[in-house]
Amino acid sequence: MRLFAAVFAVLALVAVPAAVASEEHPTSLEIQQELWCDDCQTTVDEASSVSYTPALIGLINRGIAAGKTKSEIKQEAVTKYRYHVSLLSSKSVVERTTLADLEDEVMCPICNTTLDQSSSGAARQIKTFISQRIAAGDSKNEIKDRLVADYGPQILAAPPKKGFDLLAWLLPIVGVLGGALVLGALAWRWSRVGEPAPAVAGVDPALERRIDQELARFDEG
């Protein structure tokens with residue numbers, strides 16, 4: 001028990017200075033990764049499609065140069081860009097991309113299985129690459145984009161649902177639905193063939209009596 005308490009105390013002593021250093025001497029990328037762009041639904045470091053991103057990054061860099069803390073800079077950014085930028089929760093900040101997040105979403109180009117099921121040299125090489133990019137701070141989507149650029153879209157376990165890849169997803173579904181409609185139409189036609197023919201309308205009674213009379217005269221003659 002004492003050993004556990006001692007280990008916990010040592011870990012606390014190591015973690016607290018690191019957290020303090022991060023709060024008092026943050027980096028620009030660190031702050032960008034903890035701010036959420038509401039317009040493009042991604043963190044600010046990945047938000048390259050909005051016009052205010054350069055100005056926002058400039059605000060962050062000026063705050064760092066002025067010696068402000070991470071919390072002060074983030075609050076200033078959220079206040080200035082209200083309705084566009086918000087703070088990420090502590091849980092979202094901590095949950096960064098891991099190798100396990102990508103192993104079941106990336107294919108081995110040799111054995112056509114996901115990386116978590118492959119032990120080939122190519123799979124090990126791709127895992128090493130992913131680990132290096134994670135260490136460099138790349139997001140999950142950035143790593144996937146790099147892999148697609150090197151190996152093509154087939155490197156992903158599921159193709160992105162857009163463009164021709166979306167067509168590849170939709171064609172099988174359309175084929176199944178079309179086949180079901182054809183079978184339904186054929187079944188309806190077959191059921192119609194088996195139905196009895198409509199009954200012929202009855203002979204007019206007056207006409208029937210006249211026929212009987214004519215036949216009786218024919219017999220008498």
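**A. C37 is buried, with a relative accessible area of 1%.** "Buried" means under 20% relative accessible area, "exposed" over 50% and "partly exposed" in between (1.4 Å probe, protein chains only). Just so you know, this is a predicted model, where local features need pLDDT of at least 70 and side-chain atom pairs pLDDT 80 or more, while totals for chains, interfaces and linings use all residues. Residues are numbered from 1 along each chain as its sequence is written, and side-chain values use heavy atoms, leaving out hydrogens and water.

**B. How many disulfides are there around cysteines like C108?** Zero, if a disulfide is a pair of cysteine sulfur atoms within 2.5 Å. Take C108: the nearest cysteine sulfur belongs to C111 and is 3.3 Å away, and C108 is in no disulfide. Like C37, which is buried at 1%, C108 is buried, and its relative accessible area is also 1%.

**C. Now for the whole protein: 10 helices and three strands.** Helices (H or I, at least four residues) and strands (E, at least two) are DSSP runs, numbered from the N terminus. If you walk along the chain from the N terminus, you meet the elements in the order α-α-β-β-α-α-β-α-α-α-α-α-α. Of the 221 residues in the protein, 24% are buried.

**D. K70 and E30 meet in a salt bridge, N to O at 2.6 Å.** K70 belongs to helix α4 (residues 70–80) and E30 to helix α2 (residues 28–32), so this pair, 40 residues apart, links distant parts of the chain. A salt bridge here is a side-chain nitrogen of Lys or Arg within 4 Å of a carboxyl oxygen of Asp or Glu. Both partners, K70 and E30, are buried. They also have company: E30, E34, K70 and K74 are linked in a network of salt bridges. The structure holds nine salt bridges. Side chains of opposite charge can pair when their charged atoms come close.

**E. Right next to K70 in the numbering, S71 also sits in helix α4.** Is S71 buried, exposed or something in between? S71 is partly exposed, because its relative accessible area is 38%. Look for I31 too: the C-alpha atoms of S71 and I31 are separated by 8.9 Å, although the two are 40 residues apart along the chain.

**F. Here E103 and K127 meet in a salt bridge (3.7 Å, N to O).** This pair also links distant parts of the chain, with E103 in helix α6 (residues 99–103) and K127 in helix α7 (residues 121–135), 24 residues apart. E103 counts as buried because its relative accessibility is 17%.

**G. D138 and R133 form another salt bridge, N to O at 2.7 Å.** Why does D138 count as buried? Because D138 has a relative accessibility of 11%.

**H. C40 lies in the loop between β1 (35–37) and β2 (42–43).** This cysteine counts as partly exposed, with 22% relative accessibility. Along the chain C40 and V85 are 45 residues apart, while their C-alpha atoms are separated by 9.9 Å.

**I. The charged end of K80 sits over the ring of Y81.** The distance to the ring centre is 5.9 Å. The rule asks for NZ of Lys or CZ of Arg within 6 Å of the ring centre and within 35 degrees of the ring normal.

**J. Y83 and N112 both go positive in phi, though neither is a glycine.** Most residues other than glycine have a negative phi. For Y83, phi is near 75 degrees, and the residue lies in the loop between α4 and β3 (85–87). Y83 counts as exposed, at 71% relative accessibility. N112 has a phi of about 55 degrees and a place in the loop between α6 and α7. N112 is exposed as well, with a relative accessible area of 60%.

**K. V182, L183 and L186 make a nonpolar patch on the surface.** Together they have about 270 Å² of accessible area, computed by the Shrake-Rupley method with a 1.4 Å probe, counting only the protein chains shown as cover. Patch members have over 30% relative accessible area and no salt bridge, with nonpolar side chains (Val, Leu, Ile, Met, Phe, Trp, Tyr) joined within 5 Å and like charges within 9 Å. To find the spot, look for V182 in helix α9 (residues 163–193).
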